[in-house]
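I opened my notebook to this one with a fresh coffee. My plan was to look at charges, core and surface, in that order.

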Amino acid sequence: ERQRISKEELAERVCATTKSLSAILDGDIPITIRMMARISIVLGFLWDIRTMTVVSSVPDSKLNGAVR
């Protein structure tokens, strides 16, 4: 069910100012993972984070010391 919550209440519940929350929601400033988690918890969303192995097609000699 869709949450009915004002920006003011959401800002208070995620420990942010209304101005900064509005800037995040409007895309004026980037959202951090921490803030994304706070907002999703308040709105009742669940997270499912998975990792996967990626095999690079770039030869090791081209990585120049990059993490493999």
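I began by fixing what I would count: a salt bridge is a side-chain nitrogen of Lys or Arg within 4 Å of a carboxyl oxygen of Asp or Glu. I also noted that this is a predicted model.

**Entry 1: charged pairs**

How many salt bridges does a search of the whole structure find? I got 2.

I looked up R13 and E9 to start. Their side chains meet in a salt bridge, at 3.4 Å from N to O. I placed both residues in helix α1, where they sit 4 residues apart, about one turn of the helix. I then checked how open they are. R13 has a relative accessible area of 47%, so I wrote it down as partly exposed. E9 comes out at 37% relative accessibility, and I counted it as partly exposed too.

Next I turned to D48, which forms a salt bridge with R50. Here the closest N and O atoms are 2.7 Å apart. Both D48 and R50 are exposed. A reminder to myself: side chains of opposite charge can pair when their charged atoms come close.

**Entry 2: the core**

Which residues make up the largest nonpolar core? I listed L10, A11, V14, A16, L21, I24, M35, I39 and V42, 9 residues in all. I traced them back to the helices: α1 (7-13), α2 (18-25) and α3 (33-43) each supply at least two residues of this core. The largest share, 3 residues, comes from α3. I jotted a general thought beside this: in soluble globular proteins, nonpolar side chains tend to be buried together.

I picked L21 for a closer look. Leaving out residues up to four places away in sequence, I found that L21 touches K7, L10, A11 and I39.

**Entry 3: helix α2**

Which residues of α2 are buried? My list reads L21, S22, A23 and I24. I asked what these buried residues pack against, and found α1 and α3. Just after α2, I noticed that G27 takes a positive phi of about 80°.

**Entry 4: the surface**

I finished with the outside. I31, I33, M36, W47 and I49 make a nonpolar surface patch of about 520 Å². I checked one of these, M36, and found it in helix α3. Why can M36 belong to a patch made of residues with over 30% relative accessible area? Its relative accessibility is 37%, so M36 counts as partly exposed and clears that cut-off.

Technical notes
Residues are numbered from 1 along each chain as its sequence is written. This is a predicted model: local features need pLDDT of at least 70, side-chain atom pairs count only at pLDDT 80 or more; totals for chains, interfaces and linings use all residues. Side-chain values use heavy atoms; hydrogens and water are left out. A nonpolar core is a set of buried Ala, Val, Leu, Ile, Met, Phe, Trp, Tyr and Cys residues joined through side-chain atoms within 4.5 Å. Buried means under 20% relative accessible area, exposed over 50%, partly exposed in between (1.4 Å probe, protein chains only). Contact means heavy atoms within 4.5 Å. Patches are made of residues with over 30% relative accessible area and no salt bridge: like charges are joined within 9 Å, nonpolar side chains (Val, Leu, Ile, Met, Phe, Trp, Tyr) within 5 Å. Accessible areas come from the Shrake-Rupley method with a 1.4 Å probe; for residues, only the protein chains shown count as cover.
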